Amino acid sequence: MRNRLALLLILTLAAVASAAGRITINVNSQPIKEVLKEVKAQSGINLIYITSDIPDRKITLHLEDATLKECLDAILKDTRVTYSVMDNNIILRREAVLSPKRVISGFVREEESGEAAIGAIVRDANSGAFTTSNSNGFYSLPVTSSEADINVTLTGYTPMSIRLDSLKLDNRLDITLTPSGKLDEVIIVGDKNSELTFESPVIGNLSMNRHSITSTPTLFGESDIIKSLQFQPGVIPGVEGFAGLQVHGGSDDQNMYLLDNVPLYQVNHLAGMLSSFNTDAINNVDFYKSSFPSRYDGRLSSIIDIRTRDGNLTHRQGSWKIGLTSGSFNIEGPIIKNRMTYTISVRRSWFDLLVDTRHSHI
């Protein structure tokens, strides 16, 4: 039976290679994924694979007038990646490694304040496995090798890399990130065969921290979480300059606002000119405008899940802002150092000071 399957695979590959024609590859120190794209372009055969199954390795390869099978054998040599044929497609898979899984876990926090860094991407460059930190900054990353090259990235913070050797079955690694004063240039390239769908199980999700909110230009120059979300695709304010949120044609009351898992039913002041949220008190915002996770229900258009700051674990600090329409004040610090904290945030509008209703006339 096994011999018949092997013979069938060889005949199918020969038929596909015959239809695809000959391939010429001349690359020096190129990533395997890029070489596979070149093979796909020359052969006209679809190569289907999950990005994390292909190792981040560079190869040098020179092939002249080779068959598709010869190319794939040379490219995937020593990678533990196998391939099979299905119709006019070739499916690449990583062989299962029967070795005990090792787990790296811990918390990702800001360096100065000790606040939880929500949504940080923790990735092992060797295996391609990755995870994200949750609302408490906790992450858990399973790896199969005794060595790991950990890369940690989060918007607004300096990326960092950590090399781990001789891993045990359970490993604790707490990570601190340093806020970055600037963002590097970002170039986005897309095509109809983008592999992003395989890498992200959540569609229509946006995560923003307070650094992203304060850097968004808004009316009167005052940062506001709802007005920052108005710049996202599929979202309109309803009335220009107001803190409304209409997602995919829905109305304002079809959005669910959660503040530390508590539903809010009124999130605006002054008939919608200002939102109720003090940016200095916000740690992270998860904005879902489609494919809501199962833990959310009760709304049709969107979910805005807001997490507030826990307070500085090491020292007392504060900030204050004065704008054209309101002012805000925030102070935080430890009650018991590295164990218990407090944070106090206040925001006040100037509307009642600018409009003296005592002398109004009909």
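**A buried glutamate, an open hairpin and a set of salt bridges**

The side chain of E332 reaches the backbone nitrogen of N312 at a distance of 2.8 Å. This is a good place to start a walk through the structure, which is a predicted model. E332 is found in strand 24, and its side chain also makes a polar contact with the side chain of N330, at 3.4 Å. With a relative accessibility of 1%, E332 counts as buried, because buried means under 20%. Its surroundings can be listed by name: leaving aside neighbours within four places in sequence, E332 is in contact with E115, R309, G311, N312, H315, R316, Q317, Y342 and T343.

A wider view helps to place this residue. The protein chain has seven helices and 25 strands. Of its 362 residues, 38% are buried. Among contacts between residues at least 6 apart in sequence, 57% join residues at least 24 apart. The accessible surface of the chain comes to about 21600 Å², and carbon and sulfur atoms account for 55% of that surface.

Strand 24, the home of E332, pairs with strand 23 in the antiparallel sense over six bridges. A hairpin of three residues joins strand 23 to strand 24. Strand 23 lies largely in the open, because the number of buried residues among its six is zero. Across the pairing, W320 stands opposite F329 in strand 24. F329 has a relative accessibility of 40% and so counts as partly exposed.

Both W320 and F329 belong to a nonpolar patch on the surface, together with I322, I344 and V346. The accessible area of these residues together is about 570 Å². Which strands each supply at least two residues of the patch? They are strand 23, covering residues 317-322, and strand 25, covering residues 340-349. F329 comes from strand 24, which spans residues 326-336.

The loop between strand 24 and strand 25 holds N338. The phi angle of N338 is near 65°, a positive value in a residue other than glycine. N338 counts as exposed because its relative accessibility is 52%. R80 offers another example of a positive phi in a residue other than glycine, with a value near 60°. R80 lies in the loop between helix 3 (68-75) and strand 4 (81-86), and its relative accessibility of 45% means that it counts as partly exposed.

I303, in strand 22 (residues 302-308), gives a view of the interior. Is I303 buried or exposed? It counts as buried, because its relative accessibility is 0%. I303 and M256 are 47 residues apart in sequence, yet their C-alpha atoms are 4.9 Å apart in space. Not counting residues up to four places away in sequence, I303 touches M256, L258, D286, F287, Y288, F292 and Y296.

Charged side chains add a further set of links. Side chains of opposite charge can pair when their charged atoms come close. The count of salt bridges comes to eleven. One of them joins K33 to D56, with the closest N and O atoms 3.4 Å apart. K33 lies in helix 2 (residues 32-43) and D56 in the loop between strand 2 (46-48) and strand 3 (58-66), so this pair ties together parts that are 23 residues apart in sequence. K33 counts as buried at 17% relative accessibility, whereas D56 is partly exposed at 48%.

D56 also meets R123 in a salt bridge, at 2.9 Å from N to O. Because R123 lies in strand 7 (residues 121-124) and D56 in the loop between strand 2 and strand 3, the pair ties together parts that are 67 residues apart in sequence. R123 is partly exposed, with a relative accessibility of 26%.

Strand 23 returns in another salt bridge, in which the side chains of K321 and D280 meet at 3.4 Å, N to O. This pair links distant parts of the chain, 41 residues apart: K321 is in strand 23, and D280 is in the loop between strand 20 (274-275) and strand 21 (282-288). K321 is partly exposed, with a relative accessible area of 35%, while D280 counts as buried at 12%. Elsewhere, salt bridges that share partners join E147, D149, R163 and D165 into one network.

Definitions and conventions:
Residues numbered from 1 in each chain as written. Predicted model: local features only at pLDDT ≥ 70, side-chain atom pairs only at ≥ 80, totals over all residues. Heavy atoms only, no water. Patch = residues over 30% accessible without salt bridge, like charges linked within 9 Å, V, L, I, M, F, W, Y side chains within 5 Å. Areas by Shrake-Rupley, 256 points an atom, 1.4 Å probe, with all protein chains shown as cover. Salt bridge = Lys/Arg side-chain N within 4 Å of Asp/Glu carboxyl O. Helix = DSSP H or I, 4+ residues; strand = E, 2+ residues; numbered from the N terminus. Buried < 20%, exposed > 50% of the residue type's maximum accessible area, 1.4 Å probe, protein only. Contact = heavy atoms within 4.5 Å. Polar contact = N/O pair within 3.5 Å; in protein donor to acceptor, adjacent residues only side chain to side chain. Pairing = 2+ DSSP bridges.
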